[in-house]
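Colleague: I should be grateful for a close look at a single part of this model, namely the surroundings of the ligand. Please describe them in one connected account suited to a first-year student.

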Amino acid sequence: MKEKIGFIGLGIMGSGMASNLLKAGFDVCVWNRTAARMSPLIDAGAQAGTSPADVATKSDIVITCVSDTPDVEQVILGEHGIIHGAKPGTLVIDCSTISPQASIDIAQKLHEKGVFMLDAPISGGSEGAANGTLSIMVGGDATQFQRAMPVFEAVGKTITHVGEQGAGQKVKIVNQILVVGVMQAISEALLFAQAGELDLQKTLDAVSGGAAGSWMLSNRAPQVIQRDWTPGFTIDLQQKDLRIALQAADQLGVPIPATSLIFNLYRSLQQQGLGAEGNHALVKALENLSGITIGK
Ligand code: NAP
């Protein structure tokens, strides 16, 4: 029999993931801080919880996908948090991107109550969440990883057990260093293409299948040339991830100079009030520096 699933956090990523769990035949109980966001899931067959603790009482496995470290602490350890409803043996899977050390600390508090936890941050954007093709990087106990496999397979495609508790979050930092570096390269490349009076679509067609091809190039560069700043992943959340990356790199003594430069370019966009735009709007920071506008 399938385990009962609880799902906390129905944002851009969580709503697609919860929907795919329902499609895979799981019983799903959902909760979202802004209650209106639960309606599409309830229409699709989910049960509504009244708090994270309430969801936990009704679930064998509870998934969290909320914004930042304090938010995960709140929904798991806070006043009406999962820890107050979970039975011993419950598994909490945190798919949010948060500080690796905080993730380890939260897991420790859950373990003291006999509750298991996996850190399982995700990658693949809103498209990956909607299509069930996420990459999932999982840290924690191998037996719990095996237990969670049917859940992971309902929402993701590339599922990797990368090590002990917190290792998933560390791999996610690796992922974010790569993502923003590629987005910076795309921004510079499109700026050059614009200044060189190239046809931007033909340029993308020419290079996307070659050695420079990437998910960001295929999915976000077309948005840039159409000047569509709809977020798959907002600048504000991207900055949260880069803050986590810079802090973790500082603790390890690792220089990540390009990543810190990109953090400051995104910061300039936040100061202009653009934090709710997609992370591909990084290109606007270079447009501001150069006076060149892409796609015009
Ligand atoms: P989002 O659309 O902004 O949704 C955030 C969700 O977290 C909402 O459901 C929000 O509730 C909830 N939330 C935030 N703070 C909360 C709190 N203190 N208590 C209870 N609920 C809270 O974000 P998202 O894009 O889905 O991202 C969610 C997580 O996945 C983040 O850690 C992000 O870094 C990570 N992620 C995102 C992407 C992406 O491409 N979008 C890719 C990989 C990983 P409300 O509806 O009430 O605001």
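Modeller: The account below moves from the site as a whole to individual contacts. Please bear in mind throughout that the model is predicted.

The ligand sits in the largest pocket. Around the ligand there are 27 residues, and the closest of them are Asn32, Thr34, Arg37, Gly232 and Lys240. By character, this shell comprises 11 polar, 10 nonpolar and 6 charged residues.

The shell draws on two domains: domain 1 (5-165) and domain 2 (170-290) each contribute at least three residues. Several helices also take part, since at least two shell residues come from each of helix 1 (12-23), helix 4 (69-77), helix 6 (125-131) and helix 12 (235-252).

Individual polar contacts can now be placed within this picture. In the side chain of Asn32, a polar atom lies 2.7 Å from an oxygen atom of the ligand. Arg37 likewise uses its side chain, in which an N or O atom is 2.7 Å from a ligand oxygen atom. Val66, by contrast, approaches through its backbone: one of its backbone N or O atoms lies 3.0 Å from an oxygen atom of the ligand. As for cover, the ligand taken alone exposes 900 Å², of which the protein buries 91%.

Note on methods. Residues are numbered from 1 along each chain as its sequence is written. This is a predicted model: local features need pLDDT of at least 70, side-chain atom pairs count only at pLDDT 80 or more; totals for chains, interfaces and linings use all residues. Side-chain values use heavy atoms; hydrogens and water are left out. A residue is near a molecule or strand if one of its heavy atoms lies within 4 Å of it. A polar contact is a pair of N or O atoms within 3.5 Å; within protein, one must be able to donate a hydrogen and the other to accept it, and residues adjacent in sequence count only if both atoms are side-chain atoms. Accessible areas come from the Shrake-Rupley method with a 1.4 Å probe; for residues, only the protein chains shown count as cover. On a 1 Å grid over the protein atoms alone, a cavity is a set of points where a 1.4 Å probe fits but cannot get out, and a pocket is an open set with protein on both sides within 12 Å along at least five of seven lines; lining residues have an atom within 4 Å of a point. A molecule sits in a cavity or pocket if more than half of its atoms lie within 2 Å of its grid points. Helices (H or I, at least four residues) and strands (E, at least two) are DSSP runs, numbered from the N terminus. Ala, Val, Leu, Ile, Met, Phe, Trp, Tyr, Cys and Pro count as nonpolar, Asp, Glu, Lys and Arg as charged, and the others, Gly among them, as polar. Domain bounds come from an automatic or database domain assignment.
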